[in-house]
Amino acid sequence: MPIHDVAVRNEKFRNPNGVARKTSDLAANHPDYRGKRTNCGTTDLKVIQAFIERPLEMAAAAQLIRAGVTDGSLGEAPPLPDDELHDFEAPEGRLLIRRHITRERNRGLRRRKIEAVLRRGGTLACEICDFDFEQVYGDCGSGYIECHHVVPLHVAGEGPTKLTDLTLICANCMIHRHAPWPTPKELRSLVLPGSPA
């Protein structure tokens with residue numbers, strides 16, 4: 001809704017992921033919710049309390065918003081003028097030091113997986129959607145594909161990894177987009193319904 005100043009809107013302002021996160025935070029912090037609570041802000045708690053204390057008023061407000069979106073009276077905010085689009089800036093480029101724990105990866109496994117697929121006469125097509133970088137991009141895409149663990153390392157834990165534990169997937173298939181991560185077989189059935197897994 002066009003109720004926020006255009007100057008505060010950036011590429012992350014009210015994007016679908018942010019809205020989904022906000023919705024789940026509100027639901028997960030309602031007193032009747034029985035699952036694990038998520039972190040939320042004090043404003044979220046005030047919104048939840050308002051819905052609890054004034055349900056009819058809140059339901060009416062929600063209905064007005066829905067009606068306004070449906071009939072177009074609550075349309076998109078006007079677009080940014082060209083000069084604002086080109087002149088907006090934010091600081092970047094500082095050197096930062098980060099410390100975190102990560103699981104060990106053996107970089108040679110990817111190369112060996114690719115070699116094994118090619119030796120069997122296969123191509124480096126995505127095992128989810130069948131996209132082949134070399135077919136589309138020619139020499140530029142030759143040998144390019146991502147290699148993922150069928151069972152993520154954070155689930156499998158420490159131990160030996162066999163080539164059959166790995167799968168070749170293109171970045172478009174976004175297997176790590178949302179937790180819990182789907183298996184390659186589950187994701188393929190979503191991307192290519194009816195195809196052999």
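Which side chain does Arg 54 meet in a salt bridge? Hold that thought; Exercise 1 works through it.

A few ground rules come first. This is a predicted model, where local features need pLDDT of at least 70 and side-chain atom pairs count only at pLDDT 80 or more, while totals for chains, interfaces and linings use all residues. Residues are numbered from 1 along each chain as its sequence is written, and side-chain values use heavy atoms, with hydrogens and water left out.

**Exercise 1. Find the partner of Arg 54 and say how covered the two residues are.**

Step 1. Start with the general idea: side chains of opposite charge can pair when their charged atoms come close. The cut-off for a salt bridge is a side-chain nitrogen of Lys or Arg within 4 Å of a carboxyl oxygen of Asp or Glu.

Step 2. Arg 54 pairs with Glu 57, at 2.9 Å from N to O.

Step 3. Now check the cover. Buried means under 20% relative accessible area, exposed means over 50%, and partly exposed is in between (1.4 Å probe, protein chains only). Arg 54 has 35%, so Arg 54 is partly exposed. Glu 57 has 47% and is partly exposed too.

**Exercise 2. Describe the salt bridge of Asp 25 and the surroundings of that residue.**

Step 1. The whole structure has five salt bridges. In one of them, Asp 25 meets Arg 21 at 3.0 Å, N to O.

Step 2. Place the pair. Helices (H or I, at least four residues) and strands (E, at least two) are DSSP runs, numbered from the N terminus. Both residues belong to helix α1 (residues 16-28), and they are four residues apart, about one turn of the helix.

Step 3. Compare the cover. Asp 25 comes out at 6% relative accessibility, so Asp 25 is buried. Arg 21 comes out at 45%, so Arg 21 is partly exposed.

Step 4. List the neighbours of Asp 25, taking contact as heavy atoms within 4.5 Å. Beyond four places in sequence, Asp 25 touches Thr 38, Asn 39, Cys 40 and Asp 44.

**Exercise 3. Which parts of the chain does the pair of Arg 188 and Asp 130 link?**

Step 1. Arg 188 and Asp 130 form a salt bridge, with the closest N and O atoms 3.2 Å apart.

Step 2. This pair joins distant parts of the chain: Arg 188 sits in helix α8 (residues 184-191), while Asp 130 sits in the loop between α5 (108-119) and α6 (133-137), 58 residues apart.

Step 3. At 11% relative accessibility Arg 188 is buried, whereas Asp 130 is partly exposed at 43%.

**Exercise 4. Take apart the aromatic cluster that holds Phe 131.**

Step 1. Get the cut-offs straight. Rings of Phe, Tyr and Trp (its six-membered ring) pair if their centres lie within 6.5 Å; planes under 30 degrees apart are stacked, over 60 edge-to-face, and the rest tilted.

Step 2. There are four aromatic pairs in the structure. Phe 131 and Phe 133 have ring centres 4.9 Å apart and planes at 85 degrees, so they are edge-to-face. Phe 131 and Tyr 137 are also edge-to-face, at 6.5 Å between centres and 65 degrees between planes.

Step 3. The cluster consists of Phe 131, Phe 133, Tyr 137 and Tyr 144.

Step 4. Look at two members. Phe 133 is buried at 12% relative accessible area. Tyr 144 is partly exposed at 42%, and lies in the loop between α6 and β1.

Step 5. Leaving out residues up to four places away in sequence, Tyr 144 touches Arg 110, Leu 124 and Phe 133.

**Exercise 5. How do strands β1 and β2 pair, and where do the side chains of β2 point?**

Step 1. Count the elements: eight helices and two strands.

Step 2. Strands count as paired if DSSP finds at least two bridges between them. Here β1 (residues 146-149) and β2 are antiparallel, over four bridges. Across the pairing, His 148 is opposite Thr 167 of β2.

Step 3. In a regular strand the side chains alternate between the two faces of the sheet. In β2 (residues 166-169), Leu 166 and Leu 168 point one way, Thr 167 and Ile 169 the other way, and all are buried.

Step 4. Finish with the whole chain: 19% of its 197 residues count as buried.

Conventions: Contact means heavy atoms within 4.5 Å.
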